[in-house]
Amino acid sequence: MQTENWDLYKKLLKDYSMEYSYDGISGERLASRLHALSEIGLTESGGSRRLGFSKEERQAKDLVISWMKKADLAVSEDSAGNVFGRLEGRDPDLPALLSGSHVDSVPEGGHFDGPLGVLSALEVAEAWKEMGYQPKRSYEVVIFTDEEGARFNNGLTGSRAMTGEIDPSIQSGLTDQEGREFAEVLADTGLTEEGFYKAERNLSEVAAFVEVHIEQGVRLEQENLPVGIVSGIAGPSWLEVVFTGSAGHAGNTPMGERRDALVAAGEFVRNVPDIPVSVSGTAVATVGKLKVFPNGANVIPGRVEMVVDIRDIEEETRDEVVRRIMKAAENAAALYNVECTQQQTLKVKPVPIAENLKYLLREALESRRLRPVEMPSGAGHDAMIVGHYLPAAMLFVRSKDGISHNPAEWTSLNDGVQGVHVLKKYIESMDQ
Ligand SMILES: [Zn+2]
């Protein structure tokens, strides 16, 4: 399964400016580790396949653990498989600072989504070791289990287990594509379901969390910046909308007597894009899934089901968008004399990043002579889950063409190393 001439290390170093390797931070080390991780679950198209709870995810964790030990971190693992590499602070009784991400991937993913965050956090510990610096607070590099959720179609599993946000009645009922139950898959990795639900950590031991992640968008590219500040993590809300009219023969029903569910749905879908912008500059709404019944060429559609995905970084504005979209659905139904029912099937609380944390992030960027630009994260991350309970912040690193969850995912080593410098500066400013 080895891709010919695969050498991420060489590819990364090709355009690297060695001037970024200082203060104990090493671009070569970061590149060699990104390369070593990329070889675990490498696909024929040069992508990454390390599903949550797979042997590849385990191998990737074990490899990072070996590096954590080399960096003199004390390694522990909780009963959900989350890995922590801890550097004891000068005042070990103070709550610790945490940074990290995940090492699992989607079935045909890239080599930066997740690993860059884990290795950036580890690089900070390496840099301190090299400079002989011991922080006041303890510092932990964390690998969260199964962030992508590619196996069981849910995700953020490790961070939800650590914060006690797992609902055992839902989790235990999940099956993967092969029909295997969650408990069965867990057993393969040496974990138990019972232990998994008890992985909740005493969060008073933690002061704050910060995650470095590739942007998965094009804003930083447009701004010509290597690193940016995440202003907030959008919480998705899913609204299931069903229009019900009456199915009838396409030839025999006069136009004036129709109750066409798809015409009403079409009117509604056409209006959705105007709604988020009327509420907030960061809100978005998408109809990406739609089913027509009975779906025959010569039958008037009697029923249309769709899901509207609505996101914003503030709960209040997100919910206002939801209300306006619900109203638009009712209006479209009334206009075409059909029925409309609506149900919110998913509602995740958005995480706005606290102003004091953003202030320190801005300072960290400015110390690198980088213009501090803020952008929302439309996608969910472990920082979103942790941010429901603890002060959490995120830094985005530029992704080429915004491509992600794809073998073509790319972040230059210059940008990655700039991200480590900013992260280190930020953590040091949090270490009070
Ligand atoms: Zn990720």
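Start by selecting the zinc ion in this predicted model, and then show the side chains of His 102, Asp 113 and His 213, which coordinate the zinc ion through NE2, OD and NE2 respectively, at 2.0 to 2.2 Å. If you follow these donors along the chain, their spacing reads H-x10-D-x99-H. Asp 113 sits in the loop between β3 (96–102) and α4 (115–131), while His 213 belongs to strand β5 (residues 206–214), so this pair ties together parts that are 100 residues apart in sequence. Colour Asp 113 and His 213 by accessibility, and you will find that both are buried.

Next, keep Asp 113 selected and turn to the empty spaces inside the protein, for Asp 113 is also one of the residues that line the largest cavity. The structure holds 2 cavities of 30 Å³ or more, and the largest has a volume of about 50 Å³. To outline this largest cavity, select Arg 50, Val 103, Asp 104, Ser 105, Val 106, Gly 109, Gly 110, Asp 113, Pro 115, Glu 148, His 405 and Glu 409. When these lining residues are sorted by class, 3 are nonpolar, 4 are polar and 5 are charged.

Now move to the second largest cavity, which encloses about 40 Å³ of space, and select its lining: Leu 97, Leu 98, Ala 208, Phe 209, Val 210, Tyr 426, Ile 427 and Met 430. Which elements each supply at least two residues of this lining? They are β3, β5 and α15, and you may recall β5 as the strand that holds His 213. Sorted by class, the lining of the second largest cavity has 8 nonpolar residues, with no polar and no charged ones.

For the last stop, select Ser 399, which you will find in the loop between β15 (392–397) and α15 (413–430). Is Ser 399 buried or exposed? Its relative accessible area is 0%, and because a residue under 20% counts as buried, Ser 399 is buried. Show the side chain of Ser 399 together with the backbone of Gln 216, and you can trace how this side chain reaches the backbone nitrogen of Gln 216 at 2.8 Å. Finally, display the surroundings of Ser 399: once its neighbours within four places in sequence are left aside, Ser 399 is in contact with Ile 214, Glu 215, Gln 216, Gly 217, Glu 221, Trp 410 and Thr 411. Among these contacts, Ile 214 falls within the residue range of strand β5 (206–214), the strand that also contains His 213.

Methods: Residues are numbered from 1 along each chain as its sequence is written. This is a predicted model: local features need pLDDT of at least 70, side-chain atom pairs count only at pLDDT 80 or more; totals for chains, interfaces and linings use all residues. Side-chain values use heavy atoms; hydrogens and water are left out. Helices (H or I, at least four residues) and strands (E, at least two) are DSSP runs, numbered from the N terminus. Buried means under 20% relative accessible area, exposed over 50%, partly exposed in between (1.4 Å probe, protein chains only). A polar contact is a pair of N or O atoms within 3.5 Å; within protein, one must be able to donate a hydrogen and the other to accept it, and residues adjacent in sequence count only if both atoms are side-chain atoms. Contact means heavy atoms within 4.5 Å. Donors are N, O and S atoms within 2.8 Å of the metal (3.2 Å for Na, K and Ca); water is not among the atoms, so sites may look incomplete. On a 1 Å grid over the protein atoms alone, a cavity is a set of points where a 1.4 Å probe fits but cannot get out, and a pocket is an open set with protein on both sides within 12 Å along at least five of seven lines; lining residues have an atom within 4 Å of a point. Grid points are joined across faces, edges and corners, and a volume is the space filled by probe spheres set on the points. Ala, Val, Leu, Ile, Met, Phe, Trp, Tyr, Cys and Pro count as nonpolar, Asp, Glu, Lys and Arg as charged, and the others, Gly among them, as polar.
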